[in-house]
Amino acid sequence: MRHDHREPELPPARGPVSAAVTAHLRGTGPLPRAEEIGGATAYGDDLQLALYLCYELHYRGFAGVDAQREWDPDLLRVRSALEHRFLSALRADTPAHDSLDDALAALLVEPVRGTGVSHYLRDEGTLWQLREYAVQRSLYHLKEADPHAWVLPRLWGRAKAAMAAVEFDEWGGGRAERVHARLFADLMTDLCLDTTYGRYLDAASAEALATVNLMSLFGLHRELRGALVGHFAAVEITSSPGSRRLAEALRRTGAGPAAQFFYDEHVEADAVHEQVVRHDVLGGLLAEEPHLAADVTFGIDATGYLEDRLGARLLADWRAGRSSLRTPLAQEVTGAS
């Protein structure tokens with residue numbers, strides 16, 4: 001069996017469900033039983049890692065895992081059960097706006113006194129906290145734009161053209177050195193972090209895994225295409241002001257020019273993307289399929305809910321003076337404070 005050198009290693013399990021999925025991928029044990037999945041906490045480490053492992057087979061896979069596992073029918077049935085637990089919890093727990101207009105209006109309002117992660121990092125964050133933030137976000141940013149690409153075959157007309165245009169920008173406009181995942185790897189280098197794809201999967205919190213799993217969940221199901229577009233809208237509309245604060249935090253802590261450039265790039269690019277997404281992606285989708293408005297709203301609201309959960313976890317740990325990571329960072333850096 002031929003292995004791609006870019007395939008990450010399987011991480012340690014975080015409970016019986018992820019242990020069984022890992023064993024199945026290695027060919028050394030059975031898949032988890034239905035009662036084990038039913039007993040796992042929907043947003044917890046065990047279920048979120050198990051779901052991440054299933055989804056990653058559709059990206060780069062894992063070293064030593066046969067590529068045919070991607071379409072293993074028994075594993076797909078387990079993935080479906082994991083998805084059901086996750087999606088049911090999201091539908092029950094996510095605070096919902098009454099309409100899509102209300103959800104979009106909330107995204108466009110910047111609070112006078114913000115209390116989120118980007119505000120904290122800009123105003124008082126330290127370099128070690130910025131490094132941890134980069135580690136938590138690396139699970140997404142090293143595959144940036146990829147989960148959203150799955151919606152392209154499910155759109156047409158104005159929505160498809162606009163979505164493809166934004167994705168083209170995310171992939172560097174045809175220039176490999178400008179691909180946003182490459183720019184994030186450069187940011188990690190400036191922060192003396194390992195840029196290997198999947199390197200920090202074991203370190204990332206369940207809350208961080210859930211934000212990435214949400215994109216894969218929406219992207220891999222045609223029936224959730226409206227929710228995926230809602231997620232995309234939430235990311236693009238809120239990115240520019242948050243990126244500006246993170247760029248300021250990186251300058252204040254002396255993180256390095258490549259680290260600053262990643263967020264500077266997003267301030268400018270996502271300000272343009274916001275207009276395209278609102279007027280052409282959303283406008284085009286709803287002109288063709290107006291019945292998807294509720295799904296778009298759910299995508300926006302679920303994104304905000306999971307981002308708030310991650311933010312609360314990070315801020316609680318940092319304000320208590322402790323690491324937000326499950327495993328400590330290796331000493332790749334000297335002098336980080």
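Biologist: Is Tyr-120 buried or exposed?
Modeller: In this predicted model, Tyr-120 is buried, because its relative accessible area is 7% and the cut-off for buried is under 20%.

Biologist: And which ring does Tyr-120 form an aromatic pair with?
Modeller: With Trp-318, at 6.0 Å centre to centre and with 25° between the planes, a stacked pair. Trp-318 is buried as well, at 3% relative accessible area.

Biologist: Where do those two sit along the chain?
Modeller: Tyr-120 is in helix α6 and Trp-318 in helix α14, 198 residues apart, and the pair links distant parts of the chain.

Biologist: How many aromatic pairs are there by this rule?
Modeller: The count comes to 7. One of them is Tyr-59 with Trp-150, whose ring centres are 5.0 Å apart.

Biologist: Why is the pair of Tyr-59 and Trp-150 called tilted?
Modeller: Their planes are at 55°, and tilted covers what is neither under 30 degrees nor over 60, so the pair is tilted. Tyr-59 counts as buried at 18% relative accessibility, whereas Trp-150 is partly exposed at 22%.

Biologist: Changing topic, what is the volume of the second largest pocket?
Modeller: About 400 Å³. It has 18 lining residues, and the closest to its centre include Arg-60 and Tyr-197. The lining divides into 9 nonpolar, 2 polar and 7 charged residues.

Biologist: Which helix gives the largest share of that lining?
Modeller: Helix α10, residues 180–190, with 3 residues.

Biologist: Where does the charged end of Arg-60 sit?
Modeller: Over the ring of Tyr-197, 4.0 Å from its centre. Likewise, the charged end of Arg-91 sits over the ring of Phe-298, 4.4 Å from its centre.

Technical notes. Residues numbered from 1 in each chain as written. Predicted model: local features only at pLDDT ≥ 70, side-chain atom pairs only at ≥ 80, totals over all residues. Heavy atoms only, no water. 1 Å grid on protein atoms, 1.4 Å probe; cavity = no way out; pocket = protein on both sides within 12 Å on 5 of 7 lines; lining within 4 Å. Points joined across faces, edges and corners; volume = space filled by probe spheres on them. Helix = DSSP H or I, 4+ residues; strand = E, 2+ residues; numbered from the N terminus. Nonpolar A, V, L, I, M, F, W, Y, C, P; charged D, E, K, R; others polar. Phe/Tyr/Trp six-rings, centres within 6.5 Å; stacked < 30°, edge-to-face > 60°. Buried < 20%, exposed > 50% of the residue type's maximum accessible area, 1.4 Å probe, protein only. Lys NZ or Arg CZ within 6 Å of the ring centre and 35° of its normal.
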